[in-house]
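Hi everyone, thanks for making the time. Let me put a structure on the screen, and then I'll talk you through some of its packing.

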Amino acid sequence: MESHVPDAYSDLRDNIREFCMKEVIPVAAKIDTDDSFPVDLFRKMGKMGYLGVTVPEEYGGSGMDYIAQGIIQEELGYASASLALSYGAHSNLCLDSLYRNGSEFMREEYVPKLCSGEWIGSLCLTEPSSGSDAFAMKTSARREGDSFILNGSKTLITNAPYADLMLTYARTDADFTAFSVLASDKGVRKGSSFKKLGMKGSPTGELFFEDVFLPGERIVGKENDGKNVILSGLNVERAILAMLFVGLSRRALELSLSYSQERKQGGFPIADYELIQEKISYMYTRIEAARLLCQRALERVQNNRFNVADSASAILYAAEVAEFAAREAVQIHGGYGYTSGSEVERLLRDSILGQIGAGTTEIRKKIVARAVSKMFREGWRP
Ligand SMILES: Cc1cc2nc3c(=O)[nH]c(=O)nc-3n(C[C@H](O)[C@H](O)[C@H](O)COP(=O)(O)OP(=O)(O)OC[C@H]3O[C@@H](n4cnc5c(N)ncnc54)[C@H](O)[C@@H]3O)c2cc1C
């Protein structure tokens with residue numbers, strides 16, 4: 001399917017597509033079957049300038065913006081959703097936030113390593129007893145003079161098993177604070193990787209912090225201002241991640257178009273049957289609607305990162321469409337689609353994460369309703 005991007009981004013789109021065709025699509029099935037993170041490929045993405053796409057060149061990035069990051073996310077989502085998930089966690093959740101909120105020391109010492117792929121990054125918010133209610137976290141950082149002592153644990157963290165730097169949120173005396181925690185810090189322990197339904201090859205793991213000594217210079221943003229660090233990135237994160245699911249949906253439709261025109265039953269291609277046509281028509285319509293919604297959200301959060309309604313509704317819809325499209329793709333592929341190793345089966349398993357990771361569908365509905373109601377009270381009309 002043709003993806004419409006503003007002219008200024010068409011070279012980037014062509015380059016990332018070519019990269020995906022040559023380097024990602026050929027290994028996408030193996031990433032899933034072996035459940036193994038392609039570290040070398042990830043580092044290569046750093047060399048190509050994709051990892052630090054939103055970071056200025058003087059800090060090792062490519063000096064582009066969120067629309068560019070969304071294009072990369074979409075194309076990776078089309079080629080390998082699990083690689084795209086790890087990309088989003090590293091490039092947006094960790095690196096972009098660290099660059100925006102971090103000190104000059106972090107920009108000089110850590111950001112270039114994350115841009116090049118020498119280091120892998122994670123964002124650590126979720127804990128065993130706090131997921132949707134993230135601010136119920138128990139992990140704490142106790143002040144001792146100019147430093148902090150970190151204790152607690154994080155779970156379900158993308159890239160954790162490979163991470164060198166973890167942007168970690170902890171309770172501090174008055175509120176929450178974000179810290180750069182390094183895997184090499186004494187007292188940091190990595191748990192094992194989770195086995196998952198989908199997104200295999202995107203490593204997900206636990207982290208344990210036991211009396212980890214953090215000098216004050218590890219604070220990201222300001223002390224007791226962690227909520228603002230989180231909130232400053234949430235809407236961008238939603239709009240970027242939504243593009244992964246647009247990419248995944250496009251692949252589901254493409255495979256369905258191809259198979260339904262080749263597969264014959266009763267003497268005709270199954271594409272000639274109206275019940276199959278209904279599926280194709282809804283898939284196309286909803287995917288295009290999701291794409292337009294997501295692109296608009298990206299353009300709007302680019303200028304206003306506190307735009308909640310556009311970004312939350314984009315990911316709410318794109319994730320639902322991805323699961324719908326992948327499910328219809330399996331149906332169109334019949335029994336073959338249900339077998340392990342068929343690409344549509346992988347797409348369906350991967351698509352389910354869209355309604356859970358980075359906030360669930362239920363929470364997104366609450367967020368959209370709250371945001372739209374507030375806009376209405378303030379004078380906005382549909
Ligand atoms: C593959 C994967 C990668 C992830 N990567 C990261 C990462 O990199 N960093 C990170 O910090 N976290 C990560 N997460 C965690 C993810 O953000 C959480 O799983 C998600 O926020 C939901 O939290 P939970 O799993 O604790 O579910 P819960 O919050 O316990 O929710 C369980 C169910 O209850 C519903 N529910 C909860 N509260 C409400 C409510 N108030 N109203 C209505 N329904 C509600 C939920 O929608 C859900 O259906 C990842 C998760 C997965 C599966």
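Let's begin with α7 and helix α11, residues 343-352, which pack at an angle of about 155 degrees with their axes 10 Å apart. That angle makes α7 roughly antiparallel to α11. The crossing here is left-handed, as α7 passes α11. On the α7 side, the contact is made by Phe245, Leu248, Arg251, Ala252 and Leu255, and α11 answers with Glu343, Val344, Leu347, Asp350 and Ser351. If you sort that contact by class, you get six nonpolar, one polar and three charged residues. I should say right away that this is a predicted model, so please keep that in mind as we go.

Now stay with α7, which covers residues 226-262, because it also packs against α4, at an angle of about 155 degrees and with the axes 10 Å apart. Again the angle tells us the orientation: α4 is roughly antiparallel to α7. What is the handedness of the crossing of α4 and α7? This one is right-handed. From α4, the residues that meet α7 include Ala81, Leu85, Gly88, Leu93 and Arg100, and among their counterparts in α7 are Val229, Val236, Ile240, Leu244 and Leu248. The contact of α4 with α7 divides into ten nonpolar, seven polar and three charged residues. Leu248 is worth a click on your screens: this residue of α7 takes part in the contact with α4 and also in the one with α11.

Let me zoom out to the domains. The domain assignment gives domain 1 as 7-116, domain 2 as 121-224 and domain 3 as 227-377. Between domain 1 and domain 2, the C-alpha centres lie 22 Å apart. Across that boundary, 25 residues of domain 1 are in contact with 18 residues of domain 2. On the domain 1 side, α1 (10-34), α4 (81-101) and α5 (104-109) each supply at least two residues. Which of the helices gives the most to that side? That would be α4, with twelve residues. So here is our friend α4 again. By class, the side of domain 1 that touches domain 2 has 15 nonpolar, eight polar and two charged residues.

Next, the ligand, which I suspect many of you were waiting for. There are 22 residues around the ligand, and the closest are Leu125, Gly131, Ser132, Thr360 and Glu362. Where does the ligand lie with respect to the domains? Domain 2 and domain 3 both give residues to the shell, so the ligand lies between them. In terms of elements, β1 (121-124), β3 (147-158) and α12 each supply at least two residues of that shell. The shell divides into eleven nonpolar, nine polar and two charged residues.

That brings me to α12 itself, residues 361-377, which packs with helix α9, residues 308-332, at an angle of about 145 degrees, the axes being 9 Å apart. The crossing of α9 past α12 is left-handed. Among the contact residues are Val308, Ala312, Ile315 and Leu316 of α9, together with Arg364, Ile367, Val368 and Met375 of α12. This contact comes to eleven nonpolar, two polar and three charged residues. To link the last two parts, α12 supplies residues to the ligand shell and packs with α9.

Thanks for listening, and I'm happy to take questions.

How values were computed
Residues numbered from 1 in each chain as written. Predicted model: local features only at pLDDT ≥ 70, side-chain atom pairs only at ≥ 80, totals over all residues. Axes fitted to C-alpha atoms, helices over the stretch in contact; angles between N-to-C directions. Helix = DSSP H or I, 4+ residues; strand = E, 2+ residues; numbered from the N terminus. Left-handed = near helix turned anticlockwise from the far one by under 90°. Contact = placed C-beta atoms within 7 Å. Nonpolar A, V, L, I, M, F, W, Y, C, P; charged D, E, K, R; others polar. Near = placed C-beta within 6 Å. Domains from an automatic or database assignment. Parallel < 35°, antiparallel > 145°, perpendicular 65-115°, else oblique.
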